[in-house]
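Here is a short report on one structure. Look at the sequence and the model first, then read on.

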Amino acid sequence: MPRQFIDSFGREVNYLRLSVTEQCNLSCFYCRSHPGECGRETGKELLTVENCLIIGQVAVDLGITRIRLTGGEPLLRPDILDITGGLSAIPGLKDLSLTTNGILLEKNAFKLAAAGLKRVNISLDSLNEANFRQITNGGKLQSTLQGIEQSLLAGLTPLKLNVVLLKGINDHEIEKFVAMTIDQELDVRFIEYMPTQGQKKWSHLFLPLEKVMEVAGKIAPLVPVDGEHGGGPAQYFHLEGAIGKIGLISPLSRHFCDRCNRLRVTSDGKIKPCLFSDEEIDLRPYFSDKEQLKAKFFEALQLKPDPRKVASNPVDRVKQFQGTRSMTQIGG
Ligand code: SAM
């Protein structure tokens, strides 16, 4: 009998995002709270490999079937292959994936695949070298593109590219991104920008994803891909005749909280019931006792907020956001 881990509102939770570091080798202006944040040591005690594996084991025992490693930049962890190898060996875990900016994938894609990683999501907000450098505070577009190429060769597929749509910054590149799906087996997913940490000024960057439909629809007719949430937040389409898909993730203009299937664990060992809430439970005191860890997972499950109370327009939704962590501290 498959186990089921169901919250107070009937949502089955089967997905865990496990952050393994807050540090990043890029410093995307919309992701961190201040420019120095990504590169520095935080002084926080990071989850060890053993901590990650016990979290993974307990999660799978409870009914989690998919784990995604995230960060910061997860590939900065020198022991990322040990974490990957250990998690992938857990019986019952069906999917182990990783979210990365791709910079370190050129040298790691094959090693990660050999360690049992199934697939990667790669963040890529611009296809223009200068724009990429500007958004990421100095990153090299070519490194990410090489990382994508190696990941495809290593079979880390289906490969998804994540593009955070930023008004006036990369919206003129929608057409180029969409065109990538025509003859490549890639999913290009556009994500609405979310202000974090009570940011007051955000609307100058926010663009609802209808804009993507508008631009894509001028290239070719758009065909909805049925039943393609795949347990995730994206709504999928493809251009008629295209090999790849276009995904839309609209946390603000069309929230998907009613089908939220996830919990998050931060790299300092806090379990988070909801991205939009400040609520956290510290797992650290319980690593030596699996039963107590399970109890904390259940506590987090019961703290997942009521989806019926979530505002359905971006302005009110942002007002509901209570967060003190930046996205790089949570893991997206
Ligand atoms: N370093 C990895 C990467 O680049 O994918 C993992 C961490 S990053 C925090 C995870 C995802 O969160 C990325 O796709 C990033 O673009 C997205 N993200 C960060 N800040 C965001 C924001 N304010 N709104 C929407 N998405 C955001």
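The text below covers the ligand site, two helix pairs and two backbone details.

This is a predicted model, where local features need pLDDT of at least 70, side-chain atom pairs count only at pLDDT 80 or more, and totals for chains, interfaces and linings use all residues. Residues are numbered from 1 along each chain as its sequence is written, and side-chain values use heavy atoms, with hydrogens and water left out.

**The ligand site**

Start with the ligand. It is surrounded by 18 residues, each with a heavy atom within 4 Å of it. The closest are Tyr30, Gly72, Thr99, Ser123 and Met194. By type, the shell holds 6 nonpolar, 10 polar and 2 charged residues. Here Ala, Val, Leu, Ile, Met, Phe, Trp, Tyr, Cys and Pro count as nonpolar, Asp, Glu, Lys and Arg as charged, and the others, Gly among them, as polar.

Two strands take part. β3 (95-100) and β5 (159-165) each supply at least two residues of the shell. Strands (E, at least two residues) and helices (H or I, at least four) are DSSP runs, numbered from the N terminus.

Now look at the polar contacts with the ligand, which are pairs of N or O atoms within 3.5 Å.

| Residue | Protein atom | Ligand atom | Distance |
|---|---|---|---|
| Gly72 | polar backbone atom | nitrogen | 2.8 Å |
| Thr100 | backbone N or O atom | oxygen | 3.5 Å |
| Ser123 | polar side-chain atom | oxygen | 2.5 Å |

How much of the ligand does the protein cover? The protein covers 94% of the 550 Å² of accessible area that the ligand has on its own. Such areas come from the Shrake-Rupley method with a 1.4 Å probe.

**Helix pairs**

Take α3 (residues 105-114) and α5 (residues 141-153). Their axes come within 8 Å and cross at roughly 15°. Axes are lines fitted to C-alpha atoms over the stretch in contact, and angles run from 0 to 180 degrees between N-to-C directions. α3 and α5 are therefore roughly parallel to each other, a term for angles under 35 degrees.

The axes of α6 (residues 174-183) and α7 (residues 210-219) come within 10 Å and cross at roughly 55°. This pair is therefore oblique; the word covers angles that are not under 35, over 145 or 65 to 115 degrees.

**Backbone details**

Two loops next to α5 deserve a look. Asn137 sits in the loop between α4 (129-136) and α5. Asn137 is not a glycine, yet its phi is positive, about 65°. Pro158 lies in the loop between α5 and β5. A cis peptide bond joins Thr157 to Pro158, with omega about -5°.

Technical notes
A polar contact is a pair of N or O atoms within 3.5 Å; within protein, one must be able to donate a hydrogen and the other to accept it, and residues adjacent in sequence count only if both atoms are side-chain atoms.
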